[in-house]
Structure formats: C-alpha cells, structure tokens
Amino acid sequence: MRTLIAYETAHGSTEAVAEVIAGRLRDLGADADLQRCRNVDAVEPYDTFVVGSPVWGGNWLKPARRFVRRFEEQLAQAPIAYFHTSGAAGDPQQRPEIEQMMERTLPAYAPGVEPLSIAAFAGVIDYDQYNFALRLVMKAVVGRAGGPTTGRHDMRDWDHIRSWADEIYRMFSVELQGRRGNVN
Ligand SMILES: Cc1cc2nc3c(=O)[nH]c(=O)nc-3n(C[C@H](O)[C@H](O)[C@H](O)COP(=O)(O)O)c2cc1C
C-alpha cells in the first residue's frame, strides 16, 4: 500500500495530526508519504489517499479544496479518506453539528470522489498565534459559542486519531484486495 497523506494547515496543528496518521500507517506496513496539498505535483505514485484540513468558516482551506478538484479523476479511482480539524469538534455540544455539516460539505468539493470515511478531529485554538484580525474574528465566533476567548487550547485526541488511522488502514487493505481480486 502506497499512501499519500495530503494536508493543509494554517497554524500547524493539522500538520501534526497528519504526521501521526502517517506514522501509524507506516507502523502498520504502509509506505506513507506526507505532503502539503499545495505542494502535490502528482498522485500517480499512490494507490490510497488521506486528505485533511482545518475547518475555517465551515470549509476546508482553499488549497485542500483545490487539491481534490484538481486530481478528482485519479482520486475517484482510489480508496480515500477525509478528515478535518476544528474547534467545534472539541466541544461535545457542537460536535454532532460540525460532523453532519462536513459530511455534507466535503464530498461536494469533488463529487466524483467518494471518501470511505470522514473523520472529525478536535483541533487547537491558540489566540497567541492569530494576527489581530483573526483574533477578533475568533473571539467573536468562539465566544458566541461559549468557548474560550484567550490562551491556547489543544483539544487533539491522539488516541482517536491513531484509532482512525488503524480503521482506514483496514478499510484500504480490504478495498485494495477486492480490486486486485477483480482483476485476476
Ligand atoms: C480564521 C479561522 C476560522 C475558523 N473557523 C472555524 C469554524 O468555522 N468552525 C470550527 O469549528 N473551527 C474553526 N476554526 C478553528 C480551527 O479549525 C482549528 O483551530 C484548527 O485546529 C486549526 O488548524 P491548524 O492549526 O492546522 O491551522 C477556525 C480558526 C480560524 C483561525
């Protein structure tokens, strides 16, 4: 299994999530590469894909949206899984809503691509990393939802992330076996 983990990030926390997924897939036996979506030139070397981005205003970041559109034809032929990180996924009250919203939103970016799984991961809210404008926006949005308006809040659940990587490895293996079986 040769897997590309293509991710986007604005402030680094989703990159670390992608690294942990790549590490887990490697431990399980996959040949896993990690690349930022904006840097991917070709997807031909890979037979399986994981694509992830933070949620900003209810969407993946633009380079992640562009990546799945640009390579839609190839990605539609391969086992693929999506994930997103967000503040809302770290709040039990908001989590179901962001899960449902992204289950509808993400497949619409490249309708030919059918992700086997879409994972919602709690991310990081870090006011010290935001510039003035972002800080104002985030304080208003997060504050309105009853969340923190200062400081750093790392809500990433590494066990959840690793167990999802295990799950997609199993799903990818089954899919690849089925495809090889159909060829022979
Ligand atoms: C400008 C901005 C907009 C955001 N919009 C949302 C949002 O709509 N819903 C949400 O749950 N989290 C939102 N977040 C939180 C991020 O998704 C979360 O902090 C994520 O972990 C950031 O990942 P990164 O460190 O890889 O950039 C937003 C953060 C920023 C800075």
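1. Which unit do S5, helix H4 (residues 95–109) and S6 make? Together, S5, H4 and S6 form a β-α-β unit that is right-handed. The model under discussion is a predicted one, and the points below should be read in that light.

2. Strand S5 covers residues 80–86 and has a neighbour in strand S3 (48–56), with which S5 pairs in the parallel sense over six bridges. Within this pairing, Gly 52 stands opposite Phe 83 of S5. S5 is also joined to strand S6 (residues 118–122), again in parallel, by five bridges. Here Ser 86 is placed opposite Ala 122 in S6.

3. Is S5 enclosed or open? Seven of the seven residues of S5 are buried, so this strand is largely enclosed by the rest of the structure. In a regular strand, side chains alternate between the two faces of the sheet. In S5 both faces are covered: Ile 80, Tyr 82, His 84 and Ser 86 are buried on one side, and Ala 81, Phe 83 and Thr 85 are buried on the other.

4. The ligand is surrounded by 23 residues, of which Thr 14, Pro 54, Ser 86, Ala 88 and Gly 123 come nearest. Several elements each supply at least two residues of this shell: helix H1 (13–28), strands S3, S5 and S7 (124–126), and helix H5 (132–144). By character, the shell comprises 12 nonpolar residues, 11 polar residues and no charged ones.

5. The largest nonpolar core contains 45 residues, and Ile 5, Ala 6, Ile 21, Phe 49, Val 51 and Phe 121 have the most contacts inside it. Two or more residues of this core come from each of strand S1 (2–7), H1, S3, helix H2 (62–70), S5, H4, S6 and helix H6 (158–183). H6 makes the greatest contribution to this core, with six residues.

6. Ile 21 merits separate mention. Leaving aside residues up to four places away in sequence, Ile 21 touches Ile 5, Val 50, Ile 161 and Ala 165.

7. A further point concerns Asp 31, which lies in strand S2 (residues 31–36). Is Asp 31 buried, exposed or partly exposed? Asp 31 has 13 other C-beta atoms within 10 Å, and a residue counts as exposed at 12 or fewer and as buried at 20 or more, so Asp 31 is partly exposed. Its C-alpha atom is separated by 6.1 Å from that of Thr 3, although the two residues are 28 residues apart along the chain. With residues up to four places away in sequence not counted, Asp 31 touches Met 1 and Arg 2.

How values were computed. Residues numbered from 1 in each chain as written. Predicted model: local features only at pLDDT ≥ 70, side-chain atom pairs only at ≥ 80, totals over all residues. Near = placed C-beta within 6 Å. Helix = DSSP H or I, 4+ residues; strand = E, 2+ residues; numbered from the N terminus. Nonpolar A, V, L, I, M, F, W, Y, C, P; charged D, E, K, R; others polar. Pairing = 2+ DSSP bridges. Right-handed = clockwise from strand over helix to strand, strands pointing away. Contact = placed C-beta atoms within 7 Å. Core = buried A, V, L, I, M, F, W, Y, C linked by C-beta atoms within 7 Å.
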